[in-house]
Amino acid sequence: MERTLAIIKPDGVARALIGEIIGRLEREGINILALRMIWMTEDQARGFYKVHAGKPFYESVTRFMSSGPCVVMVLEGKRVINAYRKLMGATDYREAAKGTIRHDYATDIEKNVVHGSDSPESAAFEISYFFNELEIFKR
Ligand code: CMP
């Protein structure tokens with residue numbers, strides 16, 4: 001079993017897509033071990049996306065991620081990092097496969113509705129950024 005961090009971004013929350021996205025996770029058999037709604041400060045968003053510091057989109061994405069509430073979740077499943085990335089679709093929605101969340105709902109490379117960790121190392125960092133072990137359900 002593997003864990004990953006998922007975020008429903010401010011555009012997904014504002015467009016009332018929380019239920020739709022959680023429904024897709026549940027139908028895929030992915031377990032939700034922790035879930036919370038948060039509104040990040042710009043500094044918190046900068047810390048979360050620190051691997052992207054210096055990239056051309058860093059200022060803009062951190063401003064966007066602190067522009068409204070997000071839903072953060074810890075997911076668990078067999079090879080869930082890849083399984084959830086498959087559900088999300090490519091970062092650039094124009095390249096996202098049909099039926100993926102980003103294909104169906106993203107409007108822009110930044111307003112792409114959801115985030116997911118891209119490796120076990122980033123999952124460990126990203127989960128611990130928002131949750132401590134006591135907040136994560138143990139099955
Ligand atoms: P996410 O998976 O949350 O990781 C970094 C985010 O930066 C990405 O999704 C996009 O929302 C945003 N972003 C904006 N422009 C780019 C870009 N050119 N390449 C990658 N990510 C970008």
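Which helix or strand gives the most to the lining of the largest pocket? The tour comes to that element after the ligand. This is a predicted model, in which local features need pLDDT of at least 70, side-chain atom pairs count only at pLDDT 80 or more, and totals for chains, interfaces and linings use all residues. Residues are numbered from 1 along each chain as its sequence is written, and side-chain values use heavy atoms, with hydrogens and water left out.

Select the ligand to begin, and then the residues around the ligand (those with a heavy atom within 4 Å of it), which include Phe57, Val61, Arg102 and Asn112. By class, this shell holds four nonpolar, four polar and three charged residues.

Next, pick out Lys9, where an N or O atom of the side chain is 2.8 Å from an oxygen atom of the ligand. Turn then to Tyr49, which has a polar side-chain atom 2.5 Å from a ligand oxygen, and to His115, where the corresponding distance to an oxygen atom of the ligand is 2.8 Å.

Now show the space taken by the ligand, which is the largest pocket, with a volume of about 510 Å³. Its lining consists of 22 residues, and Tyr49, His52, Phe57, Thr91 and His115 are the ones nearest the centre of the pocket. Eight of the lining residues are nonpolar, seven polar and seven charged.

Finally, colour α5 (80-88), β4 (114-116) and α7 (120-130), each of which supplies at least two residues of this lining. The opening question is settled here, as α7 gives the most, with three residues.

Methods
Polar contact = N/O pair within 3.5 Å; in protein donor to acceptor, adjacent residues only side chain to side chain. 1 Å grid on protein atoms, 1.4 Å probe; cavity = no way out; pocket = protein on both sides within 12 Å on 5 of 7 lines; lining within 4 Å. Sits in = over half its atoms within 2 Å of the grid points. Nonpolar A, V, L, I, M, F, W, Y, C, P; charged D, E, K, R; others polar. Points joined across faces, edges and corners; volume = space filled by probe spheres on them. Helix = DSSP H or I, 4+ residues; strand = E, 2+ residues; numbered from the N terminus.
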